[in-house]
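Welcome, and please take a moment to turn the model around before reading on. The paragraphs below will walk you through it, one part at a time.

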Amino acid sequence: MERSHGFWAEAWRRYRCRPLAVGGLAFVGFLVVVAAFAPAIAGTKPVLCRYKGRLYAPCLGYFDRRLEPAIFTKDKFRGTYPRNLAAKDPESWALWPLFFQDPYRSVRNDEWPGRPENPAMDQGRPSWNNLFGTDQAGVDVLAKMVHGTTVALLVGFVSMGIAGTIGIVVGAVGGYFGGWIDTLTSRVTEIVMCVPTLVLILSIVAIIEKPTIWHTMAIIGFTGWTGIARLTRGEFLRLKSSEYVTAARAAGAGPLRIMLRHVLPNALAPILVPITFGIASAILTESGLSFLGFGPPPPSASWGSVLNGARSNLGMWWLVVFPGAAIFLTVLAYNLIGEGLQESTDPRLREARK
Amino acid sequence: MATYLLRRLLLGCVTLVAITVVVYGLARNMPGNPLTAQFGEDPSRRITAEDYARMQRAYGLDQSWPEGYLQWSRNLLRGDLGRSITRKQPVTTLIGERIGPTLLISGTAFLLIWLAAVPLGLYASARSGRPDERIVSLVLYALYSFPTFVAALFLQVVFAVWSRGTAWELPLFGMTDLPPDAPLGGRILDVARHMVLPVICQTYVSLAYDIRFIRANMEEAVRQDYIRTARAKGAGPWRVLFHHAFRNTLIPLVTLLGLSLPSLIGGSIIIEQIFTWPGMGRLFFESIRERDYPTIMGLTLMFSVLTLLGQLLADLLYCLVDPRVSVD
């Protein structure tokens, strides 16, 4: 049987007609690639090397220390590969990352044969060795940013995953059942909404003894679900009295089945829009927290923490411009995606475009 | 109407109690207390153990947090917000000192935003779809996505570091460099120069948002039948736009105004922190860092009351300007 185009295929067809929205999607795709290949783009560990007759990929150590082959620890490489490889096995060869720079430490003098050490303090303006300059400790900004891409992407997805789940559950339960349940969930939503977000986040961050980036993501998620809950509630209120829900109930479907199988798919498009905008604001919140010095402690590399370094020395403009541009472009990309999603799924706007 | 108001106010009180319990619980469970924040990790090095215990008792820090909350709410019912522990002043005095500078920034920004947003929003909807409008809209969209703290740092780099020694140089931090006994005219000018960068930072995001908001509402309005009628009877394009369409978009605008009430008085933590502006946002940030529970609670209470009032105000204004909507 030939099926007509589904709602999402139709929406995607309209989405593709919007160059800016497609551009936003492409930029996020680019960030995913950068995050996935971060150790191959910037690092001091070979992407692939042949050492004492075997092949290794020490660059995986950037994802997790345990993935770094044990033989290099045993042979006392101490993290410096170029000279050690040549000295301990003349037969060895290595495929190096695109930029020989480390996101967590400064590159020492002659660590890469013939290259001077990274400039430290306020001397590290952009140069051929350090395209985006170096920070006060002499750490390469480009390497920091490339490795910080993972954080920027994860913050958006993880925190909005949490916020979306809470928001949809709270809103769906309140909107579908109504009555005192609705009063209760609406009150809880209002309470969370009225507490200033930054205050809530700052005090929770202070309570956690050793905050990691995962804590920050969870906190942003647990405080950012109110808008989604309100919208979901509205959609469920509207849809629960529709005919197909009555039909499903007459056919004997339970409330959980009606909510998940019948109402939620129809409410999903308008809910996805604030979730996308929420990803943008989650990235803003995380970088803002790191900027204020409430982010995860070093060595985790976040774009906001590079900006924080500029506060004490404003003459180092490269600590403002490059991470600032990265945060801005990412937020813009998600906002453009959200806008495209809204315009391609909202039937009222669709009518207007005809 | 009266029952509606009463119900809203009662619900608001319940919400307020819940918010203050949550924030008090959070604040008291942060590691350390105002004394350790003041005297260092181990207060016994600076003051004797007896003094420490005596001060803890004096500030009510020896109570558990539910007891402390009850004490705080009892005082509140008597109209007493308590005294700041780290600043040795009544919380109301502190708020009174800080509210002026915040209003100076947010009030100026508020005026600029609405003076510019209405004409620009109307312009954008009048030229909808033309190349110039698309460029303006794209620029606004970019501004809307531009993080305030990046903008603030960037403005500081340009106007304070790169323009040092030129006529464009603007002060980096604070509210004024002059002593309080300097002539009034000079002081006003000095404060105005200090205000420029924070006001820009506070203005541009909301401005971009509001213009887009006005345009979206206008696009909704110009599709209505009464617009076609107005056009058919021969009203000019500007008259249709302003007299017929814009008047009907005032309703969502009024709601937006009501909801911006808390941020007007609450100030912006990040902007005031970057420019070390002595306002409410910075007071909030400092009081969290200093574990100054009475100040945290006073500010939270004020902020929540304003948020709830703003919501109520928005709903009431909504009924007032749109007779089709009823509070029940």
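A word to settle at the start is "buried": a residue is buried if 20 or more other C-beta atoms lie within 10 Å of its own, exposed if 12 or fewer, and partly exposed in between, with C-beta atoms placed from the backbone. Helices (H or I, at least four residues) and strands (E, at least two) are DSSP runs, numbered from the N terminus. What you see is a predicted model, in which local features need pLDDT of at least 70, side-chain atom pairs count only at pLDDT 80 or more, and totals for chains, interfaces and linings use all residues. Residues are numbered from 1 along each chain as its sequence is written, while chains are lettered from A and ligands numbered from 1 in the order in which they are written.

How confident is the predictor? For the complex it gives an ipTM of 0.83 and a pTM of 0.87. Chain B has an average pLDDT (the predictor's confidence in each residue, from 0 to 100) of 84, and 97% of its residues score at least 70.

Let us begin with chain B. Its secondary structure consists of 14 helices and 0 strands. Its C-alpha atoms fill a box of roughly 85 × 65 × 35 Å, taken along the principal axes. Of its 328 residues, 32% count as buried. Two residues are in contact if their C-beta atoms, placed from the backbone, lie within 7 Å. Among the contacts in chain B with a separation of 6 or more, 69% come from residues 24 or more positions apart.

Now find helix H1 of chain B, residues 2–29. H1(B) has 28 residues and spans 41 Å from its first C-alpha to its last, close to the 40 Å expected at 1.5 Å a residue; that expected span is 1.5 Å times one less than the number of residues. Which residues of H1(B) are buried? They are B:Ile19, B:Val23, B:Tyr24, B:Leu26 and B:Ala27. These buried residues pack against helix H7 (179–194) and helix H8 (197–207) of chain A, and also against helix H4 (65–77) and H14 of chain B. Helix H3 (residues 49–58) of chain B offers another picture: the number of buried residues among its 10 is 0, so H3(B) lies largely in the open. Just after H3(B), B:Gly60 takes a positive phi of about 75 degrees.

Next, look at where the chains meet. The contact takes 34 residues from chain B and 32 residues from chain A. On the chain B side, the elements that give two or more residues include helix H1 (2–29), helix H13 (280–289) and helix H14 (293–321). The residues on that side divide into 24 nonpolar, 9 polar and 1 charged. Here Ala, Val, Leu, Ile, Met, Phe, Trp, Tyr, Cys and Pro count as nonpolar, Asp, Glu, Lys and Arg as charged, and the others, Gly among them, as polar.

For a close view of this meeting place, pick A:Val199 in helix H8 of chain A. Leaving aside its neighbours within four places in sequence, A:Val199 is in contact with B:Phe284, B:Ile288 and B:Thr300. A:Val199 counts as buried because it has 24 C-beta neighbours inside 10 Å. A:Lys210, in the loop between H8 and helix H9 (213–223) of chain A, counts as exposed because it has 7 C-beta neighbours inside 10 Å. A:Lys210 is 87 residues from A:Pro297 in sequence, with 8.5 Å between their C-alpha atoms in space.

Finally, chain A holds an open sheet of 3 strands in the order E3-E2-E4, with antiparallel pairing. Its edge strands are E3 (54–56) and E4 (93–95), each pairing on one side only. Two strands pair if DSSP finds at least two bridges between them. Strand E2 (residues 48–51) pairs with E4(A) over 3 bridges, and 3 bridges also join E2(A) to E3(A). Across these pairings, A:Arg50 stands opposite A:Trp93, A:Leu48 opposite A:Leu95, and A:Cys49 opposite A:Tyr56. The side chains alternate along E2(A): A:Cys49 and A:Tyr51 point to one face and are buried, while A:Leu48 and A:Arg50 point to the other and are not. Between E2(A) and E3(A) is a hairpin with 2 residues between the strands, where A:Lys52 takes a positive phi near 50 degrees.
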